[in-house]
Amino acid sequence: MSTPCNVVVLISGSGSNLQALIDSLAGADTPAVIRAVISNRADAYGLERARQAGIETRFLDHKSYADRESFDAALIQAIDGFNADLVLLAGFMRILSADFVRHYQGRLLNIHPSLLPKYKGLHTHQRALEAGDAEHGCSVHFVTEELDGGPLVVQAAIPVESDDTPETLAQRVHVQEHVIYPLAMRWFAEGRVRLGEQGATLDGELLPASGHSYRT
Ligand code: GRF
């Protein structure tokens, strides 16, 4: 078997996406190994999930660094200590510096709870409801210097129901997140997804601007 892809996951909170990633690697012959989970919050429940799965954890407190650049430099050092081939942002609530993003160009993915390019930033479920959208969903994308703006790998859409609230929408979007993030990780680990000059590619073919459209 070829060497598995070393993955490092960055979190700040509950880590339900982290759990889905962990669970997806439970079988034999998996193309990826999660080497470490790093959090900028000591009380992130995701750290507990990692410990229960026997994965190494690190806590890096952004408040004890003078500025974003020095925190990000420490983060790079920690991540590179695990020989990461792929870095996954899974609810990591920090804006990353240009240096950080450049360092991991082509091997840094994020999951965002909207059908990007709609609703970058926060409160995505509420914004989709307020706009009266018929569809909402989630996206996995390569991270570039533009916040929530890098080339899309995969999206999953769900219909918005007339009685949806931000909470019910969030719940159903989360279910989809837990499917498409493990899928994107696997594709990357298998060498199927790459960041090319023109955008994200799957099996050597340029993906559409909206990424691969995942349907259950
Ligand atoms: C998810 O909604 C993800 O899309 C966003 O942050 C949230 C993290 O949730 N980037 P969890 O910690 O994985 O449960």
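A polar contact is a pair of N or O atoms within 3.5 Å. With that cut-off in hand, start at the ligand of this predicted model. A backbone N or O atom of Ile111 lies 2.8 Å from a nitrogen atom of the ligand, so the two form a polar contact by that cut-off. The protein covers 83% of the ligand's accessible area, which is 370 Å² for the ligand on its own.

Two serines also reach the ligand through their side chains. For Ser16, an N or O atom of the side chain is 2.6 Å from a ligand oxygen atom. For Ser14, a polar side-chain atom lies 3.3 Å from an oxygen atom of the ligand.

Now widen the view. Ser14, Gly15, Ser16 and Asn17 are among the residues around the ligand. Gly91 is another, and Ile111 is followed there by His112 and Pro113. His174 and Glu177 are also in the list. As for the site itself, the ligand sits in the largest pocket.

Leave the ligand and turn to the aromatic rings. A pair of aromatic rings is described by the distance of the centres and the angle of the planes. The count here is two aromatic pairs. In one, the ring centres of Tyr65 and Phe71 are 5.6 Å apart. Their planes meet at 65 degrees, so this pair is edge-to-face. The partners are not equally covered. Phe71 has a relative accessible area of 1%, so this residue is buried. Tyr65 has 30% relative accessibility and therefore counts as partly exposed.

The other pair joins Phe100 and Tyr104. Their centres are 4.9 Å apart, with 55 degrees between the planes, and the pair is tilted. What is the relative accessibility of Phe100? The value is 0%, so Phe100 counts as buried. Tyr104 is buried too, with a relative accessible area of 0%.

One more ring is worth a look. Arg194 lies over the face of Phe188, at 4.4 Å from the ring centre.

Note on methods:
Residues numbered from 1 in each chain as written. Predicted model: local features only at pLDDT ≥ 70, side-chain atom pairs only at ≥ 80, totals over all residues. Heavy atoms only, no water. Phe/Tyr/Trp six-rings, centres within 6.5 Å; stacked < 30°, edge-to-face > 60°. Buried < 20%, exposed > 50% of the residue type's maximum accessible area, 1.4 Å probe, protein only. Lys NZ or Arg CZ within 6 Å of the ring centre and 35° of its normal. Near = heavy atom within 4 Å. Polar contact = N/O pair within 3.5 Å; in protein donor to acceptor, adjacent residues only side chain to side chain. Areas by Shrake-Rupley, 256 points an atom, 1.4 Å probe, with all protein chains shown as cover. 1 Å grid on protein atoms, 1.4 Å probe; cavity = no way out; pocket = protein on both sides within 12 Å on 5 of 7 lines; lining within 4 Å. Sits in = over half its atoms within 2 Å of the grid points.
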